[in-house]
Amino acid sequence: MADQPAQPAPAAVNPPVVQHKIVIPSGVPMVSLLGTQDELLRAVERSFPRADLHVRGNELTITAEPADTALVERLFDELLAVVTAGQSLSADAVERSIGMLRQQTTERPADVLTMNILSGRGKSIRPKTVGQKRYVEAIDTNTVVFGIGPAGTGKTYLAMAKAVQALQAKQVNRIILTRPAVEAGERLGFLPGSLTDKIDPFLRPLYDALHDMVDPESIPRLMASGTIEVAPLAYMRGRTLNDSFIILDEAQNTSAEQMKMFLTRLGFGSKMVVTGDVTQVDLPTGTTSGLRVVQGILDGVEDVHFSTLTTTDVVRHRLVSEIVEAYGRWDAQHGAGSASSGHAAPAPARRR
């Protein structure tokens with residue numbers, strides 16, 4: 001049989017390109033949507049490198065593949081909704097909106113970014129991701145909520161904002177903030193000062209967040225009256241906490257027995273939020289983290305909710321989520337102990 005002549009390779013077919021024009025309402029300043037010196041527009045262009053965006057007056061023309069064109073159109077609809085709600089935009093908000101749209105979640109980015117929890121001291125506290133919004137909504141609708149996730153996902157900060165909101169609305173009479181005083185590289189006995197001085201560093205992150213939300217001058221008065229209490233977990237034993245908003249932070253450093261003790265402090269008219277990161281456990285070798293086992297124990301119990309946050313919910317510096325993911329890969333490759341046995345791995349440093 002004669003050899004067939006070689007067929008020429010098919011020519012590369014460029015994907016179809018469509019053009020769409022968005023007309024911004026005349027009452028919306030273009031600088032609020034595009035940013036100073038087009039900073040926000042540049043953020044969109046970085047996320048859609050194959051799209052061509054051209055602005056003339058109050059018109060934005062998008063030239064791109066159909067999928068990108070549709071996504072950019074949806075993005076500007078969401079950004080416009082944020083701006084018309086009276087909230088300013090940032091490059092971070094634009095990038096997070098793009099991420100939400102690409103995740104194809106049921107929540108609109110505008111609904112996430114305009115959800116106000118607490119306003120005061122010249123700023124507003126809002127969720128910045130879909131996971132954070134669901135976490136906040138879970139706190140509204142459940143009596144006991146567990147917020148579990150890596151560093152920087154806002155677990156404790158948002159819980160404290162909800163606590164201050166509940167106190168201001170007179171839904172509770174006091175806020176109780178607690179965390180286990182577990183040593184992480186330093187022995188309590190070697191720290192200077194009295195017992196209170198030794199314990200204070202463990203509670204300092206709670207004070208820091210509190211100062212962001214409450215007038216610092218009023219904090220000593222509120223603490224003296226018992227309206228706000230910041231104390232080690234051991235101080236919770238034997239108490240029944242009524243009409244309170246109670247937050248347990250760093251819950252991965254509780255034993256199973258301590259977790260049970262804390263949860264059974266719940267009184268009438270109270271709400272509990274338990275936060276922690278199961279990848280950063282500082283308990284002695286052989287001690288099981290109460291946060292690791294509690295979901296299996298309480299799964300299916302009515303009015304108890306477990307909210308899981310991930311690296312996509314990290315709202316600190318961009319590198320934080322990449323660091324968390326890198327450590328996760330390292331743990332998976334090396335079988336680090338903290339994620340599997342409930343005690344500390346040698347590598348990760350302690351976080352604030």
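# Questions about a predicted chain

Modeller: Among contacts in this chain between residues at least 6 apart in sequence, 72% join residues at least 24 apart. Do keep in mind that this is a predicted model.

Biologist: Thanks! How many helices and strands does the chain have, and what percentage of the residues count as buried?

Modeller: Happy to start there. The chain has 13 helices and eleven strands. Of its 352 residues, the part that counts as buried is 47%.

Biologist: In what order do the strands of the six-strand sheet stand?

Modeller: This sheet is open and its pairing is parallel. Strand E8 (228-232) and strand E11 (304-308) stand at the edges with a single partner strand each, so one side of each has no neighbour in the sheet. Neighbouring strands are turned by 15° against each other on average, direction ignored. Read across, the order is E8-E7-E9-E10-E6-E11.

Biologist: At the E8 edge, which residue of E8 is the bridge partner of Thr178?

Modeller: E7 and E8 run parallel and are joined by five bridges. In E8, the partner of Thr178 is Ala231.

Biologist: Which strands of the sheet does H7 touch, and what angle does its direction make with that of E9?

Modeller: H7 packs on the sheet, and the strands it touches are E6, E7, E9 and E10. Its direction makes an angle with that of E9 of about 170°.

Biologist: And what angle does the direction of H10 make with that of E10?

Modeller: H10 also packs on the sheet, where it touches E6, E7, E9 and E10. Its buried residues are Met259, Met261, Phe262 and Leu263. What covers them includes strand E6 (144-148), strand E7 (174-179), strand E9 (244-248), strand E10 (271-276) and helix H11 (290-298). The angle between the directions of H10 and E10 is about 155°.

Biologist: E6 keeps turning up. Is it enclosed or open, and how many of its residues are buried?

Modeller: Val144, Phe146 and Ile148 point one way from E6, while Val145 and Gly147 point the other way, and all are buried. E6 is therefore largely enclosed by the rest of the structure, the count of buried residues being five of the five.

Biologist: Which residues stand opposite Val145 in E10 and Ile148 in E11?

Modeller: Five bridges join E6 to E10, and the two run parallel. E6 and E11 likewise pair in the parallel sense over five bridges. Opposite Val145 in E10 stands Val273, and opposite Ile148 in E11 stands Thr308.

Biologist: Now to Ala151: is it buried or exposed, and what is its C-alpha distance to Thr310?

Modeller: Ala151 lies in the loop between E6 and H7. It counts as buried because its relative accessibility is 8%, and the cut-off for buried is under 20%. Ala151 and Thr310 are 159 residues apart in sequence, yet from C-alpha to C-alpha the distance is 9.3 Å.

Biologist: How does H6 lie against H7: parallel, perpendicular or oblique?

Modeller: Helix H6 (residues 130-141) and helix H7 (residues 155-168) pack with their axes 11 Å apart, at an angle of about 40°. That angle is why H6 counts as oblique to H7.

Biologist: Which residues make that contact, and what is the hand of the crossing?

Modeller: H6 brings Gln132, Tyr135, Val136, Ile139 and Asp140, and H7 brings Lys155, Leu158, Ala159 and Lys162. By class, these are five nonpolar, one polar and three charged residues. The crossing of H6 past H7 is right-handed.

Biologist: At roughly what angle do the axes of H2 and H4 cross?

Modeller: From helix H2 (residues 39-47), the contact uses Glu39, Leu40, Ala43, Val44, Arg46 and Ser47, which meet Ala91, Val94, Glu95, Ile98 and Arg102 in H4. By class, there are six nonpolar, one polar and four charged residues. H2 passes H4 in a right-handed crossing. The axes of H2 and helix H4 (residues 91-103) come within 9 Å and cross at roughly 35°.

Biologist: Finally, the three-strand sheet: which strands stand at its edges?

Modeller: The sheet is open, with antiparallel pairing in the order E1-E3-E2. Each edge strand has a single partner strand, so one side of each is left without a neighbour in the sheet; they are E1 (18-23) and E2 (52-56).

Biologist: Which helix lies across this sheet's E1, E2 and E3?

Modeller: E1 and strand E3 (residues 59-64) run antiparallel and are joined by six bridges, with Gln19 opposite Thr63 in E3. Running at about 155° to E3, the helix across E1, E2 and E3 is H3 (residues 66-84).

Technical notes
Residues numbered from 1 in each chain as written. Predicted model: local features only at pLDDT ≥ 70, side-chain atom pairs only at ≥ 80, totals over all residues. Heavy atoms only, no water. Axes fitted to C-alpha atoms, helices over the stretch in contact; angles between N-to-C directions. Helix = DSSP H or I, 4+ residues; strand = E, 2+ residues; numbered from the N terminus. Parallel < 35°, antiparallel > 145°, perpendicular 65-115°, else oblique. Left-handed = near helix turned anticlockwise from the far one by under 90°. Contact = heavy atoms within 4.5 Å. Nonpolar A, V, L, I, M, F, W, Y, C, P; charged D, E, K, R; others polar. Buried < 20%, exposed > 50% of the residue type's maximum accessible area, 1.4 Å probe, protein only. Pairing = 2+ DSSP bridges.
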